[in-house]
Amino acid sequence: MEPVRSSDPQEILRRVFGYESFRGEQQAIVEHVAGGGDALVLMPTGGGKSLCYQVPALARAGTGVVVSPLIALMQDQVDALRALGVRAGFLNSTQDADERRLTEQAFLAGELDLLYLAPERLRVESTVRLLDRGRIGLFAIDEAHCVAQWGHDFRPDYLLLSELHTRWPDVPRIALTATATEATRREIAQRLQLTDAKHFVASFDRPNISYRIVPKNEPRKQLLELLRTEHAGDAGIVYCLSRKSVEQTAEFLSGQGIRALPYHAGLDAALRRENQARFLREDGLVMVATIAFGMGIDKPDVRFVAHLDLPKSVEGYYQETGRAGRDGEPSTAWLAYGLADVVQQRKMIDDSEGDAAHKRRLAMHLDAMLALCETTECRRAQLLRYFGQDSGVQRCGNCDTCLTPVSSWDGTVAAQKVLSTVWRLKHERRQSFGTVHVIDILLGKRTPKVEQFSHDELSVFGVGADLTEPQWRSVIRQLVARGLLAVGGAHSTLVFTESSPAVMRGETPLMLRTEPERAARPSRSRGGSGTRPAVELSAEAAPVFERLRAWRAAAAKEQGVPAYVIFHDATLREIATRAPADRAALGTISGIGEGKLARYGDQVIDVLHGAAS
Ligand code: ADP
Ligand code: ZN
C-alpha cells in the first residue's frame, strides 16, 4: 500500500491512525513540533505520547529519529507502525548485519518515516555518520527522565543526547516522559539543552485507575482474593521486590489455577523474552515481575497492577501503576504494605553504596512513598499534589480512602506507651527487643520470653490493654514510617530516633490512621468520577466480540505480533456493537485507518457475516 502523504496533522491522524480527534494537548504539541519547534512533553502513561512525535514525523520531510532505551520493544513498536502503513525501522544490538544494512539503506534512500535507535548507538561513530548522510525530520527522545540523575531510572547513555542539538542544530527535538516532578523536569530541560523548548504538562490524573493500599497480612492470600473476586481472567502485573519472591508468587498463583509467568533479571534471557512476548500477545496472563519488567510495555488492556512490596518512590509507584488501563477502562492499582516493608527499605538505604547526599535522596523518596501509604486523605489528590498538580479536588471517589473514608485518632498516648516501653527496656535493662515482644509487654502477655526476662516487672507491663494486637502493630508501623521510631540492628529491634523524645514527652499531638475494617472495593463497572464506564456488550454483540477476538488472536499469532497491534479491544467492541455492513462503514470506526482497513477490512467483514449467519 502507498504510504499516506500529507503535511496536515489532522489528516494524518484520521487516515493513518483512524482517530477522529487529538486528545488534550496532543494537537498543540503536534503543531508545534511539525512547525519545527522543540518541545518537552510530560504526560502520564497512556496519555498518548507516541502520536505527539509520530504525527509530526509523518508531516515533516525526512525521517523522525526516535531515541528509546526499550530495545526489547522496538520490534513491536515497528510492527505496530507497519500495521498502520507507516514506514518504520529500528537499529539496535539485537539485529544481524543484513537487517541493519537494509534499514540503513532505507533511511539513506529517504524511505523511512520513523527510525528507532537505542541511545548507546549514538556512541558509535558510524551511526552518527549515517545520520549525517540522511535527512532527519525530528528527534524524539522517549523516556526522557532517563537523563535525570536525580530520578529513579538514570541511564548514562542518555547524557550523550545533549549532543544532538550541537550536531544537528536545525532539527527539532521533542523529549517525552511520564515522570513529572518539577526537579526531574528541570533536570531534563537542562541536560538535554532544551532550554528554549516549549513545555507541555498534561494532567497526570488517571481517573480510570482505582488506587488502593491495604495493610499487609498474608500478602499472597490477599492477592489471590483480589484476582479471584475482581480480576478473574484479566491481564495484570504483580510486582515483587526480590527474584525469589517473584518465582514463589508465580508458582503459588499457577498452583491456584491462575495463568502466571515470572520475569526478573536473573532468568535466562531467552525465557525472559518469551514470557514478555506471551504476556503481550496472549489474553489474560498475569506477569509476576521485579521492576525490571514493564518500562514501555504499551499493552493497553492491563487491568491491574499489584505491588506485594513497597515501591522505593512515588515516581516509581506511579509509573508502575500507570501501566494499568492505558485503554482508559476501569483498572486497579493495589498495594499491600506493612511494617516489614519500611524496615527492609530503610535497611537497603543504609546498606546502599553512595555518599550521604545519595542516601538522603533515597530516604526522601521513601518518606514520600510512606506518606502516601499512611494518608487518611484521598490518594489521588495526594499523588497529584506530589506531582505539582493540585487539582483542588478533595475526594476523587475512586480510591480506597474515598470509598471507605479512613478516620484518624489521637495516638499521642499510644505512641507514648510504645516509646516509653522501648526507653525503659533500654535504660532500665540495657536491652532492646523487636515489635512482637514489645507488643506482648504492652498487652501484658506472660509469654515465656516475658517470664525469662521478668518483663512483667516493668511499670509499662500491661498498660496497652486498651488496644488490640493489630492496632499496636499499626501504631508501631506508623511511628516507624514517620521516623518517630526506628528498627535497627541484626535482630531488628525497636530503637529511638532523634524525633522520639519529643513524642515521648507529648509535645505535639500525634494523629494516627485508623485501619478500615474491610478493604474498599469499587464495583467494577462504575469507575471513578470522569471515567468512561466499561462498555457492556449487548446480548447480540457479545458473541460477535468473542469471534472477533478469536480471529484477532489467530491473525496475531500468524503474523507474530501482539494482538493489540491488530486492533484494540475498544475497536473490536465498537465493531461488534455497530456491526458495519461494509468496508466503508467499517472505516468510520475509531482505530481503523486506511492501512488497517486495506489489510483487515475484508477479514473483519467475513467474521461479522459468519457471526450473523
Ligand atoms: P503513552 O505512550 O503516553 O503511554 P500511547 O501513546 O501508548 O501512550 O497511547 C495510549 C493509547 O491511547 C494507545 O492505545 C493509543 O492508540 C491511544 N490514543 C492516543 N491518542 C489517541 C487519540 N487522539 N484518539 C484515540 N486514541 C488515542
Ligand atoms: Zn480519592
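**View 1. Alanine 579 takes a positive phi of about 40 degrees just after helix 24.** Helices here are DSSP runs of H or I with at least four residues, strands are runs of E with at least two, and both are numbered from the N terminus. This is a predicted model, where local features need pLDDT of at least 70, side-chain atom pairs count only at pLDDT 80 or more, and totals for chains, interfaces and linings use all residues. Residues are numbered from 1 along each chain as its sequence is written, chains are lettered from A and ligands numbered from 1 in the order in which they are written, and side-chain values use heavy atoms, with hydrogens and water left out. Helix 24 itself covers residues 569–578, and its buried residues are Asp569, Thr571, Leu572, Arg573, Ile575 and Ala576. Buried means under 20% relative accessible area, exposed means over 50%, and partly exposed is in between (1.4 Å probe, protein chains only).

**View 2. Two loop residues, glutamine 193 and arginine 430, also have a positive phi.** Most residues other than glycine have a negative phi. Glutamine 193, with phi of about 50 degrees, is found in the loop between helix 8 (182–191) and strand 7 (198–201). At 36% relative accessibility, glutamine 193 is partly exposed. Arginine 430 has phi near 55 degrees and lies between helix 17 (412–429) and helix 18 (435–443). Its 70% relative accessibility puts arginine 430 in the exposed class.

**View 3. Four cysteines hold the zinc ion (ligand 2).** The donors are the SG atoms of Cys378, Cys396, Cys399 and Cys402, at 2.3 to 2.4 Å. Donors are N, O and S atoms within 2.8 Å of the metal (3.2 Å for Na, K and Ca), and water is not among the atoms, so sites may look incomplete. Angles of 103 to 118 degrees between the four donor atoms make the arrangement tetrahedral; for four donors, that label requires all angles to lie between 85 and 135 degrees. Along the chain, the donors follow the spacing C-x17-C-x2-C-x2-C. Cysteine 378 sits in the loop between helix 14 (356–374) and helix 15 (379–386) and cysteine 402 in helix 16 (residues 400–403), so the pair ties together parts that are 24 residues apart in sequence. Cysteine 378 is buried at 1% relative accessible area, and cysteine 402 is buried at 13%.

**View 4. Tryptophan 551 and tyrosine 600 are one of twelve aromatic pairs in the whole structure.** Rings of Phe, Tyr and Trp (its six-membered ring) pair if their centres lie within 6.5 Å; planes under 30 degrees apart count as stacked, over 60 as edge-to-face and the rest as tilted. This pair is edge-to-face, with 5.8 Å centre to centre and 80 degrees between the planes. Tryptophan 551 belongs to helix 22 (residues 541–559) and tyrosine 600 to helix 26 (residues 594–612), so the pair links parts 49 residues apart in sequence. Both tryptophan 551 and tyrosine 600 are buried. Elsewhere, Phe204, Tyr211, Tyr317, Tyr318, Tyr386 and Phe387 make up one aromatic cluster.

**View 5. Polar side chains meet ligand 1.** A polar contact is a pair of N or O atoms within 3.5 Å; within protein, one must be able to donate a hydrogen and the other to accept it, and residues adjacent in sequence count only if both atoms are side-chain atoms. Oxygen atoms of ligand 1 lie 2.7 Å from an N or O atom in the side chain of tyrosine 19 and 2.8 Å from one in the side chain of lysine 49. For glutamine 26, a polar side-chain atom is 2.9 Å from a nitrogen atom of ligand 1.

Note on methods. Four donors count as tetrahedral if all angles lie between 85 and 135 degrees; four count as square planar and six as octahedral if opposite donors are over 155 degrees apart and all others between 65 and 115; anything else is irregular.
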